Amino acid sequence: MTAATKPRVVLVVGATGSVGRHVVTEAVRQGYETRALVRDAARAGKLNPAAHKIVGQLTDATTLADAVEGIDAVVFTQGSSYGDATAAESVDYGAVKNVLVALDGRPVRIALMTAIGVTRRGNSHDWKRRGERLVRASGNAYTIVRPGWFDYNDADQLEITLLQGDTRHAASPADGVVARRQIARVLVDSLASDAADHLTFELVAERGAEQADLEPVFAALDSDPVGTIDGVRDEGNMPASSEPRSVLADLSSLE
Ligand SMILES: NC(=O)c1ccc[n+]([C@@H]2O[C@H](COP(=O)([O-])OP(=O)(O)OC[C@H]3O[C@@H](n4cnc5c(N)ncnc54)[C@H](OP(=O)(O)O)[C@@H]3O)[C@@H](O)[C@H]2O)c1
């Protein structure tokens with residue numbers, strides 16, 4: 001992305017979460033006009049004071065008009081408790097759907113955080129993966145980041161390492177680890193990167209130093225093929241024929 005097209009106003013969804021707080025701080029640090037979506041301003045706790053708190057319910061598109069007004073980019077870091085399928089649908093998936101509905105087709109750059117192992121079938125994973133599919137189908141420029149286990153890294157485990165195909169399914173830190181701060185950096189760095197557009201990757205940290213520039217790291221990856229709704233090399237184990245009708249309707253509403 002050239003400087004002329006670098007986003008200016010960024011909305012952070014899940015801004016009060018353990019990763020979202022780092023995203024807010026990183027977006028402010030990188031000079032973005034940063035908007036933090038909170039469900040209750042009084043309960044939002046401490047967020048970077050340079051960010052603008054905006055109240056809205058990520059589960060309800062009709063409450064998000066002010067949040068999306070004038071934004072150029074959105075970073076999604078929301079998430080429900082693991083194993084709660086209803087919340088996974090309304091929060092993990094719902095936030096993506098509702099922001100896209102509120103945008104009503106207006107283009108934005110998207111960075112979406114899901115999870116390593118997301119293609120291993122299961123309710124929470126499936127709803128996160130459906131959120132990924134909405135992003136790919138939306139026609140926007142995007143980067144989908146599937147982090148490993150948060151903050152399980154050792155102090156010398158900082159080399160940002162991106163994988164594709166989602167083949168690690170141990171459901172434990174054996175799948176890979178990464179610092180929350182680094183997840184936030186990758187999400188925010190992706191917003192102004194041409195090389196990161198249409199990428200889906202798993203994010204872990206290996207032993208070594210953190211790279212100063214992530215452009216070559218993004219550029220080494222394969223893009224998701226145009227017109228597909230899964231990540232490049234993802235296992236084709238979630239066929240449209242067995243998907244809920246509501247999800248298929250959401251996808252077709254984006255075409
Ligand atoms: N822990 C790991 O190692 C790991 C690794 C990879 C991926 N993940 C995934 O990362 C996701 C986020 O994790 P996290 O630790 O950052 O979670 P978190 O600290 O609990 O943050 C979740 C965010 O989502 C919002 N949210 C949750 N339910 C909501 C609801 N019903 N309505 C409105 N907002 C809601 C929270 O808002 P409030 O602050 O208002 O509650 C908060 O902003 C999880 O889904 C998890 O599966 C975790």
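1. A good place to start is the second largest pocket, which is lined by 15 residues; Leu 100, Val 101, Gly 105, Ser 253 and Leu 254 lie nearest its centre. Please keep in mind as you read that this is a predicted model. The elements that give two or more residues to this pocket's lining are H3 and helix H7 (245-253). H3 provides the largest share, four residues. The volume of the second largest pocket is about 250 Å³, and its lining has six nonpolar, five polar and four charged residues.

2. Next, have a look at the largest pocket, with a volume of about 1,100 Å³. It has 45 lining residues, and the closest to its centre are Thr 77, Gln 78, Gly 79, Ser 80 and Lys 128. Two or more lining residues come from each of strand E2 (33-38), helix H3 (85-103), helix H4 (123-137) and strand E7 (149-150). Sorted by class, the lining of the largest pocket holds 17 nonpolar, 18 polar and 10 charged residues.

3. What does a search of the whole structure find in the way of cavities of 30 Å³ or more? It finds one. The space in the largest cavity is about 30 Å³. Its lining is made up of Gln 78, Asp 92, Val 96, Leu 112, Met 113, Thr 114, Lys 128 and Gly 131. H3, strand E5 (109-113) and H4 are the elements that give two or more residues to this lining. By class, the largest cavity is lined by three nonpolar, three polar and two charged residues. Two names may look familiar here: Gln 78 and Lys 128 line the cavity, and both are also among the residues closest to the centre of the largest pocket.

4. H3 and H4 deserve a point of their own. Their axes come within 8 Å and cross at roughly 10°. Angles under 35 degrees count as roughly parallel, and H3 and H4 are therefore roughly parallel to each other. On the H3 side, the contact is made by Ala 85, Ala 88, Glu 89, Asp 92, Tyr 93, Val 96, Lys 97 and Leu 100. On the H4 side are Asn 123, Ser 124, Trp 127, Lys 128, Arg 130, Gly 131, Leu 134 and Val 135. The contact of H3 with H4 has eight nonpolar, three polar and five charged residues. Some of these residues recur elsewhere: Asp 92, Val 96, Lys 128 and Gly 131 are among those lining the largest cavity, while Leu 100 is one of those nearest the centre of the second largest pocket.

5. Another pair to view is helix H1 (residues 20-29) and helix H5 (residues 180-190), whose axes come within 8 Å and cross at roughly 50°. That angle makes H1 oblique to H5. The crossing of H1 past H5 is right-handed. H1 brings His 22, Val 23, Glu 26 and Ala 27 to the contact, and H5 brings Arg 180, Arg 181, Ala 184, Arg 185, Leu 187, Val 188 and Asp 189. By class, this contact has five nonpolar, one polar and five charged residues.

6. Finally, one residue to pick out on the screen is Val 28, which is in helix H1. Which residues does Val 28 touch, not counting those up to four places away in sequence? They are Thr 34, Asn 48, Ala 50 and Ala 51. For a sense of scale, the C-alpha atoms of Val 28 and Leu 158 are separated by 22 Å, and these two residues are 130 residues apart along the chain.

Technical notes:
Residues numbered from 1 in each chain as written. Predicted model: local features only at pLDDT ≥ 70, side-chain atom pairs only at ≥ 80, totals over all residues. Heavy atoms only, no water. 1 Å grid on protein atoms, 1.4 Å probe; cavity = no way out; pocket = protein on both sides within 12 Å on 5 of 7 lines; lining within 4 Å. Points joined across faces, edges and corners; volume = space filled by probe spheres on them. Nonpolar A, V, L, I, M, F, W, Y, C, P; charged D, E, K, R; others polar. Axes fitted to C-alpha atoms, helices over the stretch in contact; angles between N-to-C directions. Parallel < 35°, antiparallel > 145°, perpendicular 65-115°, else oblique. Left-handed = near helix turned anticlockwise from the far one by under 90°. Contact = heavy atoms within 4.5 Å.
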